Amino acid sequence: MEEVCLNSEPVFDMVDEYEGEGEGEGEGDCSAVEHDDETGSKHSKKEPPLPTIGLEFDSFDEAYDFYNIYAKEQGFGIRVSNSWFRTKKKERYRAKLSCSSAGFKKKSEANNPRPETRTGCPAMVVIRLVDSKRWRIVEVELEHNHQVSPQIKRFYKSHKKMILAARKARLPAEPVTEIHTIKLYRTAAMDAVSNGFSNVSEREGIHQPDHSKHLELKEGDAYAVYNFFCRMKLTNPNFFYLMDFDDDGPLKNVFWADARSRAAYGYFSDTVAIDTTCLTNKYELPLISFVGVNHHGQSVLLGCGFLGHKSVEYFVWIFRAWLKCMLGHQPQVIVTDQCKSLQIAVSEVFPKARHCFCLWYIMQRVPEKLGGLRGFEEIKRQLNKAVYNSLKIIEFETSWTEMIKKHGLGDNKWLQTLYEERKQWVPVYLKDTFFAGMIPIRENESLNAFFDGYVHKHTSFKEFVDKYDLALYRKHLKEATADVQSKNSSFELKTRCNFEVQLSKAYTKEIFDKFQSEVEGMYSCFNTRQVTANGPIITYIVKERVEIEGNEKEVRSYEVLFETNQVDIRCICSLFNYKGYLCRHALNVLNYNGVEEVPSRYILRRWCKDFKFQHVDLGSTDIDVYGPVYRRSHFHNCAVPIVEGGAQSEE
């Protein structure tokens, strides 16, 4: 690697060009004289801004002066405790500015050593050179472990530098005591940030400058990630990881999947969500996760990684790494955020998969994108109605057009883009796609990220790999508990319907509870009647009272097609494709025709309590790979994609 860290552990006393060695204070950090800055008190002084991650400066000196002025106002001194240099150019590219009480002095051999004045104070800022021209604050700690008072301003070495600089810069008659003019600072949000995590979409026409495109690792991060991979490789023989390095050395991307994730994909490869929330929301941790749904309807991790830049090239790399890990077996459906780079990368790496946008993420942006418009609440209500309540395409088109015309939204770029891509996110266009419950189809449904509660805005790489095992342990424990409950518990029946009895013996508890609500919902349906018959195909209309805003109810009509020879059934609400179990309207028509059991084709094995017990857990380390159990599982996993492909092909 080209880059090397000097003095990475600032425990003992150090000297550098900003320490002011030999300036008259001896070895002490401050003189005993208290300085009340009488001259400066005669001038009105603007309170300097707090050190904040993202502030940028035109030079190292400006960054140092900024922190020094802030320190003087708060009542402490500063020093450069760490510096990092590029070995070839001897150029400083990173520095740590610490409180003068940071660390501890080296032990003195003198007979009467001076008393220790330092306290190991953690207060500091870390600045880094970006684009080879600007210095950016990348880490901040404002808390001290000793008393700091703006009322009592001691005269520190670093403050003397300001006075000396001021005397050189001013005319003799000007009583300047310190410099307050720093060319003020830009935040990273004002340009596209150097690691590329901007929430400005490419489709909005904003040019993204080409900044550094590698992982921004802090002190200890690289070591923590390396240790994590070594430990996982030792304890988890089927652990898979790939690392992508730039030609100059810096780490660009990382991908990994443990044995359980690889085994889970063998079971639940039908629908996969690619979670880029951390990238979209510009978290410090550029985490990307591949997530599926297990037989309990719970999220299951299928691999994850760190992405150095939110661009097509980087997405393609990590998608191919994931596909290589999963032996080239592509999912049927991929759900992502609405992002042009993601669209291009998915189409390149997964050309056969159905690519859809997550409805929940889009609807979460409505207040941000439309909240400032006049009549926002009415716009939101009409938008929700068009998206969630439309049973036919013509209903959506009509509702959308009415909303646009009524509120004069024809020039709204965001809504224009949504409409152009409506076939990838509006439920009424996705009725032929199986989502395994991955997307919400009702206004009151929501989603939680797999690592929700473990990752926040400022989570570091080191902190994440430390929490990774705990997060997965709790998820696996939750799944194991659900397995035991589903296998050993008898489910409470709430109706006398045969459908409920039948599926209580097959489904896992969580899925049965959802199906049970559909069975109970049969009693809110009424006036089931035949409207047309075309040979064995009969069309029924089922009416249902549904709750709308508040406690109000309205009657909606659902069209259900029933094929009498093969006992095939399809409802216009398409709950079976969205969630994987029959809806109340279809159940009502089956019951109307005297069908006492749900046809087996509508009982998906992926929701059954014994589903995983019919497979080999490839995460185990004591599998007999030459035994019949392993062979059966291997052949089954090879056959399933062929069967599923054949089931969807008319040929």
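**Exercise 1. Place F350 in the model and describe its surroundings.**

*Solution.* Start with the chain: F350 sits in the loop between α8 (340-349) and β15 (354-357). These labels come from DSSP runs, numbered from the N terminus, with helices being H or I of at least four residues and strands E of at least two. Residues are numbered from 1 along each chain as its sequence is written. The model is a predicted one, where local features need pLDDT of at least 70, side-chain atom pairs count only at pLDDT 80 or more, and totals for chains, interfaces and linings use all residues, while side-chain values use heavy atoms, with hydrogens and water left out.

Next, is F350 buried or exposed? F350 is buried, because its relative accessible area is 1%; buried means under 20%, exposed over 50%, and partly exposed in between (1.4 Å probe, protein chains only).

Now look for partners. Leaving aside residues up to four places away in sequence, F350 touches F319, W322, L323, Q330, P331 and I334, a contact being heavy atoms within 4.5 Å. Finally, V333 is 17 residues from F350 in sequence, and their C-alpha atoms are 9.5 Å apart.

**Exercise 2. Find out how many disulfides the chain has, and check C573.**

*Solution.* Begin with the rule: a disulfide is a pair of cysteine sulfur atoms within 2.5 Å. The count by this rule is zero.

Then take C573. Its sulfur has its closest cysteine sulfur in C571, 3.6 Å away, so the two are too far apart for a bond. C573 counts as buried because its relative accessibility is 16%. Another cysteine, C304, is buried too, with a relative accessible area of 0%.

**Exercise 3. Say where M243 lies and how much of it is open.**

*Solution.* First, M243 belongs to strand β9 (residues 240-245). Second, M243 is partly exposed, because its relative accessible area is 33%.

**Exercise 4. Decide where to read the model with care.**

*Solution.* Look at pLDDT, the predictor's confidence in each residue, from 0 to 100. The chain averages 80, and 76% of the residues score at least 70. Over residues 1-46, however, the pLDDT is below 50, and this stretch has 93 contacts in the model beyond near neighbours in sequence. Residues 616-629 also stay under 50, with 20 contacts beyond four places in sequence. Where pLDDT is low, the predicted coordinates should not be read in detail.

**Exercise 5. Sum up the whole chain.**

*Solution.* Count the elements: there are 19 helices and 19 strands. Then turn to burial: of the 651 residues, 49% are buried.
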